[in-house]
Amino acid sequence: MEKKPIASMDASPSLLGFGCMRFPKLENGRINRTEAEKMLDYAYAHGVNYYDTAYMYHDGESEQFIGDYLMQKYPRDSFYLASKLPIWFCKTPDDMERIFNEQLARCHTDHFDFYLLHSVDQEKWAQIEEFHAYDFVQKKREEGKIKYIGFSYHDDPKYLTAMVEAHPWDFVQLQVNYLDWEMQRAKDSYQILVDHHIPCWVMEPVRGGYLATLPDVAEDVFKKYEPTASAASWAVKWVASLENVKVVLSGMSSMEQVVDNVAQFEPFVPMTDQQYKVIDEVVEAIHSVKTVPCTGCRYCMPCPAGVDIPEVFKIYNTLQQRKRSSPTKLIYTKFLPEEKHAKNCVRCGQCMEHCPQHIQIPDRLEEAENAINALP
C-alpha cells in the first residue's frame, strides 16, 4: 500500500484512508456489520492503516462499530484512528469534554492518533474560538489522548488562511476532487495549505459517489480512453496525484468499492498528461448536464418537514444524468413515501445551515419536484 512521506510527522498513514461514514446498511438503517467487517478486513489485509470516523457518522454507530470490531481484532499500534469534534453539538464548552470522553468509550481506546475539529466553516469557527476548542484538543494532546490535530474545512477559501494561521495545525482535511477543483475553488484552498506547509488530507474524492456514477456523456469519455477502468478509479487517482495530498479518504459502502480503491494504490501510478486531458473533457461533459451537487452526506437531515432531501436529489440527478423518465417517476412515486417528497418542504432554511456544499436546497427541491411531476 502506497504511503507518502510526511516530514512533519512521526507517522506513515496509507495514501488510501478508509472513510467510515458510508458503511452498507440493513433495512432498519443500522450498519450491516457482517458486510462491513469483511470490508475492513480486506482493507487492513492490503495495507490500509488509516480509519476515519466521527461522532455523528451513522448516527453514532460508526464509532461504536469501529470500537467493537477493529479495536478488538487488530493490534492498536498497527493502524491509525481518526475522529472529530462536532462543535455545533456543544451548547457549552463543557460539552467538548463530554463528547470526547464518549468517543473514547465508543471506540474502546485511550487515544486518537488524529483528531479533527469537524466541518469547519466561518460560523463554526466563531464558536471554536469562543469555546477555545483548539486549547481543548491541545490539552488532550498533552494528556496523551491525541497525537495529531487538524480540522476538516467546508467553506470559501477566503476564510481558510486566517484559520490555518490562528493555531499550529498538523494537517487539514479538504473536499478535493476534479469537479470541485474549479467549481468550488478547491484549488485555492489546496494552495493555501501548500503555501503554509500543511499536509493535506482529502475527503470526498469521488464527491459522495457522484463521480462514480457519471452522466452518460461523461462516462463515455472515460470508456473511450480506458474501457475497463471505473469512473471512481479516475477520481481517486486524480486526487492522489497531487503532491501535497498525503491521505485520500474514501467512504466505501461495498466490497466492490474497497477492492477497486485498493487496486489504485498497489502500486500507485500518478496521472499522465494524457489522462489529465481526459479529465478536462469529462468535466466539460458533466457541466453540460444540470444536476444538484449533493454528496449525500445527510448533514441536512433530519428535515423538520419530513423531506428526505438527499434521496430526492439522488432520484432527480438520476433523471438528469440518464434521462430515464419512466423508472425515475416510478421510483419517486412508488418507492419513496409521499411524506418524504419535496413538495412537503416549508422553506424553513434549517437544512442550508448545515449543507457543506452551500446548496440552495428549498429552490432545488422545488425544481426536482416540478421536473419529476412533469414526466409522463
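Here are some questions and answers about a predicted model. Local features need pLDDT of at least 70 and side-chain atom pairs count only at pLDDT 80 or more, while totals for chains, interfaces and linings use all residues. Residues are numbered from 1 along each chain as its sequence is written, and side-chain values use heavy atoms, with hydrogens and water left out.

Me: How far does helix α1 reach from its first C-alpha to its last?
Reply: Helices here are DSSP runs of H or I with at least four residues, and strands are runs of E with at least two, numbered from the N terminus. α1 covers residues 33-45, which makes 13 residues. The expected span is 1.5 Å times one less than the number of residues. For α1 that is 18 Å, and the helix comes close to it, reaching 18 Å.

Me: Which residues of α1 are buried?
Reply: Buried means under 20% relative accessible area, exposed means over 50%, and partly exposed is in between (1.4 Å probe, protein chains only). The ones in α1 that pass the buried cut-off are A36, M39, L40 and A43.

Me: Why are they on the same side of α1?
Reply: An α-helix has 3.6 residues a turn, so residues three or four places apart point the same way. The arc is taken from the directions between the helix axis and the C-beta atoms. The buried residues sit on the same side of α1 because their arc is only 95°.

Me: What do the buried residues of α1 pack against?
Reply: Contact means heavy atoms within 4.5 Å. The partners include both strands and helices. They are β1 (16-19), β2 (50-52), α2 (61-68), α3 (70-73) and α12 (255-263).

Me: Which residues of α13 are exposed on the other side from the buried ones?
Reply: In α13 (residues 273-287), the buried residues are Q275, V278, I279, V282, V283, A285 and I286. They cover an arc of only 160° around the axis, which puts them on the same side of α13. Those buried residues pack against α10 (216-225) and α11 (231-240). Over on the other side, the exposed ones are D273, K277, D280 and E284.

Me: What separates the C-alpha atoms of C294 and P310?
Reply: C294 is in the loop between α13 and α14 (309-322). Leaving out residues up to four places away in sequence, C294 touches R207, P310, F313 and I359. C294 and P310 are 16 residues apart along the chain, and their C-alpha atoms are separated by 7.0 Å.
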